[in-house]
Amino acid sequence: MKNNAMKDNRTELGKSHPLWMLFELVKSIKGFIFFCIFLSFVFGFSSTSIFSAYGISLIILFVIYQIVSILLEWKHFGYSIDEEELFIKKGRFVTLHRHFPLANIQGLHQNTTFFPRLFGLTTLLIDAGSSDKNDSIKLEMISFQEANHIKTTLSDLGKVYITEEENRKDIEKNSQEITSIKKHYEIKRREILIASLTSLRLLFFLTLIYSVYSEVNQFFQIDAYVGDIIGFFQSSWFRLTMGIIILICLSIVYGVLKTYLQYGEFNVTSDPYRIYIEKGKLNTAHFSIPKDRIQALSINSGFIHKFLNIVKVKMISSSDTDEDVKASHILFPFIHKNKAKKLIPEVISAFEIEEDMTKIPTSSIIVKLLRTIYLWLFFPVMLYCFFPGFWYLATIMFSLTLVSQLLSSLFSSYALNGSFIQIKKGAIATKVFITSRDKIERLMVTETILQKKLGLSSIKIISRARPAKVTTMHDVPKDMAIRYYSWYYEGIENHTTILASKQTS
Amino acid sequence: MYKIKEPTQRISPDAIKVWRITDAFTSFIFLVVVAFFLYLHHYYDWPHWIEIALYAVAAIVCLSAMIELIVIPVYKQKTWRYEIDSNCIQLKHGGAIRKTHMIIPMNKVYFVDTYQGPILKKYHLSTIKIGTVGYVHEIPSVPENTASEIRNDIAYLSGINKRKTSKEEGNEK
């Protein structure tokens with residue numbers, strides 16, 4: 001078989017495509033240019049320190065270092081895979097050899113950005129299941145063929161299942177698996193449209209225009225022309241409205257396009273063990289996560305989205321994340337609340353959503369106000385005394401904190417449903433956090449002197465994620481906190497007895 | 001009102017002395033630093049307000065040292081409780097002002113250490129460090145022998161639980 005051939009030629013390691021070097025170089029040059037722009041902002045553009053002889057020689061040294069290190073990194077990088085392990089060799093000046101047992105591999109993420117795709121190249125990110133962040137394996141710029149080979153090797157082991165179109169046929173041979181893979185959700189054009197219209201991308205668009213303008217203005221004197229353009233639109237009401245309409249249209253187009261490219265083709269499939277997420281139009285990303293690694297769910301809803309009942313569902317998990325794939329823990333980017341409620345138990349059967357939640361006592365407002373006294377009283381007063389010019393900032397801060405605390409004491413709620421804990425925070429923008437008893441890493445119940453007088457307690461839940469996720473719920477009734485505590489204690493007891501009985505049987 | 005059951009075990013009464021010594025030491029270092037700045041102030045003729053600020057800092061350090069030396073160690077020692085059973089570790093600290101109860105399941109413990117500095121050693125005490133996701137929890141000032149017993153217990157219990165869990169996972173796959 002192919003695998004055996006690979007094993008025999010152990011010395012022949014898989015490598016990244018040579019184009020990788022070019023991309024890395026472009027990336028580092030891009031970073032360098034931004035760094036220069038940043039420097040010129042800090043030191044003022046008039047100072048030509050970068051362009052002095054000293055500066056130029058530094059730049060040349062830097063470029064040489066970059067080229068050499070990229071060359072070495074490419075030269076030293078290699079990988080091979082057989083039935084037992086994945087072998088990686090990497091390093092710039094010091095090379096590192098590492099063997100990852102395939103049994104430990106937890107997941108796989110395929111990320112294909114636009115340009116590499118033109119050359120038929122893709123990037124695989126393999127979650128080796130260790131807790132060290134540096135241990136995630138990144139196979140950059142390998143051919144689709146190689147990527148598929150690795151994926152099939154892993155899927156043969158039952159570690160990873162393939163969801164890509166070209167590999168569907170392979171799976172079909174395996175009739176057992178095809179029945180278990182189920183498609184749950186595919187994003188609709190309408191959802192993208194609504195989400196992009198209601199998000200704050202409009203503001204982003206304006207800041208984008210402004211930042212482009214100020215960047216360009218650094219190099220060319222376009223002040224006068226821009227002034228002329230603004231003058232043109234301001235000269236009559238008709239032109240002004242036209243101008244504003246054009247601007248709004250452009251920003252809508254920008255928003256829709258951006259959202260479409262980011263979340264277009266977003267779909268969620270799953271089999272009994274894993275969830276697969278695909279997304280992106282230009283830069284595609286494939287992501288899979290084992291179901292039992294999902295520690296908690298968080299369901300968030302922003303200000304405008306709340307009126308439209310649109311929520312964003314995020315998974316909190318202990319599996320690997322990489323800077324490039326930040327958004328991949330989003331299960332549903334924007335979905336109608338009811339649909340989410342229907343789909344979540346379907347996708348992750350281990351999670352249930354409780355409708356009936358109890359609100360925290362209103363007396364909590366006293367504790368909440370005292371807890372944030374520095375935010376709504378001390379800080380604004382200080383600001384007002386020392387910088388009277390910022391009186392508006394002080395007022396905004398004062399009213400915002402006060403209102404948010406008031407609303408949070410009126411609308412925060414909690415629930416305990418079988419082995420699930422559910423917490424809802426905030427009123428204008430809400431955050432719902434759901435986790436199950438055996439996923440909680442530890443539980444803390446605290447009580448301050450004032451809380452004691454009012455019969456309240458705070459609970460803190462620590463979930464396993466990178467970094468550890470701490471969810472605090474302030475001011476639940478004390479009885480409830482005690483119930484949570486004993487509920488958790490009993491859960492641990494049950495867990496251990498079940499394990500013990502399993503071992504004896 | 002119904003209450004969370006207090007963990008039963010207490011920490012050593014000598015903890016008060018240990019905390020007093022270490023706090024006295026840190027306060028002393030703070031004062032030395034302040035004194036050094038005062039000296040610099042006289043030497044370089046710094047503006048007058050710096051002197052005022054330095055004296056204010058010194059006063060605060062003295063005041064907090066008084067509280068920290070006399071009241072806090074006693075309060076901390078009296079309120080610290082812990083309990084370890086075969087399933088979990090329960091910790092409780094703080095009393096009237098701010099009380100914290102914590103519960104750590106055995107199978108979520110990643111490592112356990114005992115630690116002993118020179119002052120702890122003098123009183124034959126150890127601190128137990130329990131490593132969990134994102135944080136290391138401590139049980140301060142436990143008698144040496146008890147500490148190493150507890151450490152071995154936790155290591156054994158958490159290790160067993162982990163092995164069981166991995167076995168279970170292995171069977172499922």
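# Notebook: strands, helix pair and domains

I started with the hairpin that joins β1(A) to β2(A), which runs through 3 residues. Note to self: this is a predicted model.

**Entry 1, the chain A sheet.** I looked up the two strands on either side of that hairpin. β1(A) covers residues 78–81 and β2(A) covers residues 85–90, and they pair in the antiparallel sense over 4 bridges. For a landmark I picked A:Ser80, whose bridge partner in β2(A) is A:Phe87.

Then I moved along to the next strand. β3(A), residues 96–101, pairs with β2(A), again in the antiparallel sense, over 6 bridges. I checked what A:Phe87 does on this side, and its bridge partner in β3(A) is A:His99. So as not to lose the register, I also wrote down that A:Ile88 stands opposite A:Arg98 in β3(A).

The hairpin of β2(A) and β3(A) has 5 residues between the strands. I went looking at its backbone angles and found A:Gly91 with a positive phi near 140 degrees.

How are the strands ordered in the sheet? I read the order as β1-β2-β3 in chain A, an open sheet of 3 strands with antiparallel pairing. The edges are β1 and β3 of chain A, each pairing on one side only. I also noted the twist: neighbouring strands of this sheet are turned by 10 degrees against each other on average, direction ignored.

**Entry 2, a helix pair in chain A.** Next I went to α15(A), residues 373–386, and α16(A), residues 391–411. Their axes come within 9 Å and cross at roughly 175 degrees. Angles over 145 degrees count as roughly antiparallel, and α15(A) and α16(A) are therefore roughly antiparallel to each other.

Which residues meet between these helices? From α15(A) I listed A:Leu375, A:Trp376, A:Phe379, A:Pro380, A:Leu383 and A:Tyr384. Facing them in α16(A) I have A:Trp391, A:Leu393, A:Ala394, A:Met397, A:Phe398, A:Thr401 and A:Leu402. I sorted the residues of this contact by type and got 12 nonpolar, 1 polar and no charged.

**Entry 3, domains of chain A.** I pulled up the domain division for chain A. Domain 1 takes 2–105 + 150–180, domain 2 takes 192–263 and domain 3 takes 358–504. I looked up one spacing here: the C-alpha centres of domain 2 and domain 3 of chain A lie 40 Å apart.

**Entry 4, domains of chain B.** Over to chain B, where the assignment gives domain 1 (15–75) and domain 2 (81–172). Their C-alpha centres lie 34 Å apart. How many residues are in contact between the two? I have 6 residues of domain 1 of chain B in contact with 7 residues of domain 2 of chain B. On the domain 1 side, helix α1 (residues 15–44) of chain B gives the largest share, 5 residues. That side of domain 1 divides into 4 nonpolar, 1 polar and 1 charged.

**Entry 5, the annotated stretches of chain B.** Last, I checked the record. The unreviewed UniProt entry annotates residues 21–40 and 52–75 of chain B as "transmembrane region". What does the model show there? Residues 21–40 of chain B are 100% helix and 0% strand, with the end C-alpha atoms 29 Å apart. Residues 52–75 of chain B come out at 96% helix and 0% strand, with the end C-alpha atoms 33 Å apart.

Key
Residues numbered from 1 in each chain as written. Chains lettered and ligands numbered in written order. Predicted model: local features only at pLDDT ≥ 70, side-chain atom pairs only at ≥ 80, totals over all residues. UniProt positions renumbered as here; feature names shortened; annotations may be inferred. Pairing = 2+ DSSP bridges. Axes fitted to C-alpha atoms, helices over the stretch in contact; angles between N-to-C directions. Domains from an automatic or database assignment. Nonpolar A, V, L, I, M, F, W, Y, C, P; charged D, E, K, R; others polar. Parallel < 35°, antiparallel > 145°, perpendicular 65-115°, else oblique.
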